Amino acid sequence: MTGHLNDAAHQLDLSATGCHYVATGITSDLADTHDQAKSGQQTAAPALSPAQYDALKALSAGEGKLYESPRRGLGVTRVVTHDGNRVSIATFRALVKRRLVTVDTSTSLWHGQKITVTGDGQRTLTQHRPATAPAAVAAPVSTAPSLAQKARQRHAHLTRPALPPTAHPR
């Protein structure tokens, strides 16, 4: 019995080693695929909304600041460009998430943290054309009555009582 238990323990140990090798291979393949996808994303400029493009352009023109506003209570974070224009916090967070800007966190939010446009942000500005809304194309206007209008006219004609030729409706 002891021999069978030792053999079973050895088989379990071999199975665990095999599972470890398979998991390591899968993890390595996923990491390689992720790195290839990431390098492909870095070469192409990310699609920016017009607001994100304008904010990135304004922040690249000079020193922007991220600060905590004391006027409206705690927790109100604001972004201001060098010329005093505000950038919405949602737009700013989208730029940070895409790694187009960085924030110097060595100073406190009360004094203002310097915002810098990264190299990826500069490349995005040179490669990206701001998205514009497609021009609305007016549909041709038809003077012919629609099917619904024709049906209403037929229904009204069928349900309207006939008037004598001399009677005039008032």
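**Group meeting: a surface patch, a salt bridge and a helix contact**

Okay, let's start on the surface: Val22, Ile26 and Leu30 make a nonpolar patch of about 300 Å². A patch here takes residues with over 30% relative accessible area and no salt bridge, joining nonpolar side chains (Val, Leu, Ile, Met, Phe, Trp, Tyr) within 5 Å and like charges within 9 Å. The areas are Shrake-Rupley values with a 1.4 Å probe, and for residues only the protein chains shown count as cover.

Quick background: this is a predicted model, where local features need pLDDT of at least 70, side-chain atom pairs count only at pLDDT 80 or more, and totals for chains, interfaces and linings use all residues. Residues are numbered from 1 along each chain as its sequence is written, and side-chain values use heavy atoms, with hydrogens and water left out.

Back to valine 22, which sits in helix H1, residues 2-43. Helices are DSSP runs (H or I, at least four residues), numbered from the N terminus. Valine 22 has a relative accessible area of 52%, so it's exposed; the scale is buried under 20%, exposed over 50%, partly exposed in between (1.4 Å probe, protein chains only).

Next, the salt bridge, meaning a side-chain nitrogen of Lys or Arg within 4 Å of a carboxyl oxygen of Asp or Glu. The count is one: aspartate 120 with arginine 123, closest N and O atoms 2.1 Å apart. They're three residues apart in helix H4, so about one helical turn separates them.

Last stop, alanine 58 in helix H2, residues 50-60. Leaving out residues up to four places away in sequence, alanine 58 touches Thr81 and His82, where contact means heavy atoms within 4.5 Å.

How values were computed
Helix = DSSP H or I, 4+ residues; strand = E, 2+ residues; numbered from the N terminus.
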